[in-house]
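Reader: I would like to learn how to read sheets, helix packing and a ligand shell in a model. Could we take each feature in turn, with the general idea and then the case?

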Amino acid sequence: MSELAVGIAGIGGRGGSFTAPIESHPAARVHAICDTDTDALATTADTLNVDHAYPAYESMLEETDLDVVVVATPMPFHVPQSIAALERDVHVISEVPAGVSIEECRDLVAAATASAATYAMAENYVYHRPNQLVTALVAEGFFGEVYYAEAEYIHELKRLNERTRWRRTWQTGVDGNTYPTHSLGPVLEWFGDDRIERVTCAGSGHHYQDPRDDTYEQQDTTVLLGETEHDRLVKLRLDMLSERPHAANNYQLQGSAGAYESARAADDRNTVWFEAFEAADSSGEYSWRDIEEFTEYLPEPWQNPPKAVWEAGHGGSDFLMMTDYLDAIAAGDPPPIGIHEAMDMTLPGLVSQMSIADGAAWHAVPDSREWG
Ligand SMILES: NC(=O)c1ccc[n+]([C@@H]2O[C@H](COP(=O)([O-])OP(=O)(O)OC[C@H]3O[C@@H](n4cnc5c(N)ncnc54)[C@H](O)[C@@H]3O)[C@@H](O)[C@H]2O)c1
């Protein structure tokens, strides 16, 4: 089989996280790179020994013969760059979220439907080790019927806003949930064949100013409540402004026979309770178990991962996400997180921005499968 020629846009930032899994994949190689920052581009081209380096994305697409493009540029470029590749029948794996407006998401779905290539979203939190273990334990039936989940992305990034100014516009310059996919990705995996069909969103007010004394348009904390087609409930907290340590990996899951509480602080444990394993003690109280007692259920890639996985970003999830994606494309299979899964993770956040502007009224979330 010939190797997949991969191009990476945004190599000077997030795109750099994917060179190790691509280069170590037996069926892929980094063929071209792109970044508008010509210094970062030249340095990376040198390090990677890549001949095809482009400051302009369109030139990379036109002048090289790519099978796959990784779109790892700032949020407003995700849709236009993805569409440009899909129109040339080049497979796309785009960073999160998929898009910044419902209208451009419609255009993206149309382009993905018309293309001979596939669209995928690079939602890496689905591949975090504890999240993958919970996915396996849900599949084993330990939770019974799952009906409620919470997830939080609490990641103070006011200073990062100043270094990567697009964040000040697209993440903290808009009210409502502007970054939902790390929270929704794992939750929707656990819920199985389900999607959020309506949302409401409220905020905690404005308590911080940027260095120009402008108040952030986004409220410090926003809470999105979502109801699913199958009557499940989801609560998402997003906070990119409050002064406090991170808690960007926080999840809770409730089922009729089990519950999951992730570690909120760095030295906490991820814990589960399963009816099948524990009866109430003599005082009638249940107790948590460390999820590590159940590692025999971890999916194969997490059983004995090579050192390179641990060395990659986000606890190894960046590596396993890209490997899983390339395995699928090399085999001619649909990508693990395709266009409609990407929409299921992205659209509730975009609709929450309408809800919060509308006094927390409930708004319907479109189903991209129904877009003609
Ligand atoms: N999945 C995750 O865990 C994760 C983590 C960080 C960032 N992200 C996402 O990755 C994307 C990039 O974030 P970042 O932190 O790397 O931002 P960044 O600003 O640090 O880096 C973006 C890079 O893209 C380049 N760039 C900007 N416009 C470009 C264009 N039109 N064409 C080519 N290159 C261009 C910049 O010069 C820069 O090197 C964002 O969408 C963000 O949401 C995801």
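**Strand pairing, helix packing and the ligand shell**

Reader: How many bridges join E7 to E11, and do these strands run parallel or antiparallel?

Author: Strands are said to pair if DSSP finds at least two bridges between them, and here E7 and E11 are joined by seven bridges and run antiparallel. One point of register in this pairing is Tyr148, which stands opposite Gln254 in E11. The labels follow DSSP runs numbered from the N terminus, with helices (H or I) of at least four residues and strands (E) of at least two. Bear in mind that this is a predicted model, in which local features need pLDDT of at least 70 and side-chain atom pairs count only at pLDDT 80 or more, whereas totals for chains, interfaces and linings use all residues. Residues are numbered from 1 along each chain as its sequence is written.

Reader: In what sense does E7 pair with E10?

Author: The pairing of E7 with E10 is parallel, and it too rests on seven bridges; within it, Tyr153 has Leu238 of E10 as its bridge partner.

Reader: What is the order of the open sheet of nine strands, and what is its pairing?

Author: Reading from one edge to the other gives E14-E13-E12-E11-E7-E10-E9-E8-E15, and the pairing is mixed. Strand E14 (289–290) and strand E15 (363–364) are at the edges with a single partner strand each, so one side of each has no neighbour in the sheet. Away from those edges, E11 and E12 are antiparallel over three bridges, with Leu253 opposite Tyr260 of E12, and a hairpin connects E11 to E12 through two residues. E12 (residues 258–261) is in turn joined to E13 (residues 271–274) by four bridges, again in antiparallel fashion, and there Gly258 stands opposite Phe274.

Reader: Which strands does H9 lie across?

Author: H9 lies across strand E7 (146–154), strand E9 (221–228), strand E10 (233–239) and strand E11 (247–255), running at about 165° to E7. Such angles run from 0 to 180 degrees between N-to-C directions, the axes being lines fitted to C-alpha atoms, for helices over the stretch in contact.

Reader: At what angle do H6 and H9 pack?

Author: Helix H6 (residues 129–139) and helix H9 (residues 181–191) pack at about 15°, and their axes are 9 Å apart. H6 and H9 are therefore roughly parallel to each other, on a scale where angles under 35 degrees count as roughly parallel, over 145 as roughly antiparallel, 65 to 115 as roughly perpendicular and the rest as oblique. Their crossing is right-handed, a term for a near helix turned clockwise from the far one by less than a right angle, anticlockwise being left-handed. Asn131, Val134, Thr135 and Val138 of H6 make the contact with Pro186, Glu189 and Trp190 of H9, where contact requires C-beta atoms, placed from the backbone, within 7 Å. By class, the residues of this H6–H9 contact are four nonpolar, two polar and one charged; Ala, Val, Leu, Ile, Met, Phe, Trp, Tyr, Cys and Pro count as nonpolar, Asp, Glu, Lys and Arg as charged, and the others, Gly among them, as polar.

Reader: At what angle do H9 and H12 pack?

Author: For H9 and helix H12 (residues 339–356) the angle is about 130°, with axes 9 Å apart, and H9 and H12 are therefore oblique to each other. The crossing of H9 with H12 is right-handed. Thr181, Leu184, Gly185 and Leu188 on H9 meet Asp344, Met345, Thr346 and Pro348 on H12, a set that divides into four nonpolar, three polar and one charged.

Reader: In what order do six strands form an open sheet?

Author: The order is E3-E2-E1-E4-E5-E6, with parallel pairing. Strand E3 (52–54) and strand E6 (119–121) are its edge strands, each pairing on one side only, and the twist averages 25° from one strand to the next. Helix H2 (residues 38–48) packs on this sheet, touching strand E2 (28–34) and E3, at about 160° to the direction of E2.

Reader: How many residues surround the ligand, and which are the closest?

Author: The ligand is surrounded by 21 residues, the closest being Gly10, Gly12, Gly13, Arg14 and Thr164; a residue is counted if its C-beta atom, placed from the backbone, lies within 6 Å. This shell has nine nonpolar, eight polar and four charged residues.

Methods:
Contact = placed C-beta atoms within 7 Å.
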